[in-house]
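The following report takes up the contacts, the accessibility of single residues and the charged surface patches of one protein model. Please read it beside the sequence and the coordinates.

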Amino acid sequence: MPSRNRKKRCKQRAEYLQKREDILSQENKAKARERYKADPEKKKASVRDTNNANAVSKRAAKRQRYQEDVEENSAAKRQRYQEGVEENRAAKRQRYQEGVEENRAAKRQRYQEGVEENRAAKRQRYQEGVEENRAAISRGPRGEPCC
């Protein structure tokens with residue numbers, strides 16, 4: 001991809017050549033008119049100069065069309081690039097959001113498993129305490145079976 005300075009130089013060169021061709025075209029036409037007015041015998045030379053001026057104008061027009069095409073293509077390229085950038089950003093944002101949701105679900109799952117383990121452990125300790133208390137009651141105050 002050409003640098004901005006190179007693009008700028010190309011554009012300035014194209015403008016310079018365009019102005020130069022316009023000036024040459026006008027000068028050639030003026031010279032042809034003068035020669036024709038001064039000496040009608042030189043009409044052929046006048047026609048030749050006019051044709052030359054017309055050729056210069058055609059080249060200038062062709063260069064102008066080319067420059068317009070180049071600018072249009074550059075604009076289209078920039079547009080496609082920008083659309084690609086936006087699509088990539090949207091895809092990245094989507095992947096990030098999906099990752100966030102997966103992480104939340106995993107965290108919620110781990111939390112729920114921890115809650116269930118804690119409940120089971122608490123229930124187990126409670127049950128063990130109940131059984132110990134029943135055993136202690138059945139032994140009596142001195143540790144002997146009461147009944």
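Of the contacts in the protein with a separation of 6 or more, 53% are accounted for by residues 24 or more positions apart, where contact means heavy atoms within 4.5 Å. This is a predicted model, in which local features need pLDDT of at least 70 and side-chain atom pairs count only at pLDDT 80 or more, whereas totals for chains, interfaces and linings use all residues. Residues are numbered from 1 along each chain as its sequence is written, and side-chain values use heavy atoms, with hydrogens and water left out.

The protein has two helices and zero strands; helices (H or I, at least four residues) and strands (E, at least two) are DSSP runs numbered from the N terminus. Buried residues make up 12% of the 147 residues, with buried meaning under 20% relative accessible area, exposed over 50%, and partly exposed in between (1.4 Å probe, protein chains only). About 13500 Å² is exposed by the protein, and carbon and sulfur atoms supply 48% of that area, as computed by the Shrake-Rupley method with a 1.4 Å probe.

The table sets out four residues by helix and accessibility.

| Residue | Helix | Relative accessible area | Class |
|---|---|---|---|
| Ser25 | α1 | 6% | buried |
| Lys31 | α1 | 45% | partly exposed |
| Glu71 | α2 | 39% | partly exposed |
| Arg80 | α2 | 53% | exposed |

Leaving aside neighbours within four places in sequence, Ser25 is in contact with Ala53, Val56 and Ser57. Lys31 and Thr50, which are 19 residues apart in sequence, lie 9.2 Å apart in space, C-alpha to C-alpha.

Turning to charge, Arg4, Lys7, Lys77, Arg78 and Arg80 gather in a positive patch on the surface. Both α1 (4-38) and α2 (43-139) supply at least two residues of this patch, and the largest share, three residues, comes from α2. A negative surface patch is formed by Glu68, Asp69, Glu71 and Glu72.

Patches are made of residues with over 30% relative accessible area and no salt bridge, like charges being joined within 9 Å and nonpolar side chains (Val, Leu, Ile, Met, Phe, Trp, Tyr) within 5 Å. A salt bridge is a side-chain nitrogen of Lys or Arg within 4 Å of a carboxyl oxygen of Asp or Glu. Lys and Arg count as positive and Asp and Glu as negative, while His and the chain ends are not counted.

How values were computed. The place of a charge is taken as NZ of Lys, CZ of Arg, CG of Asp or CD of Glu.
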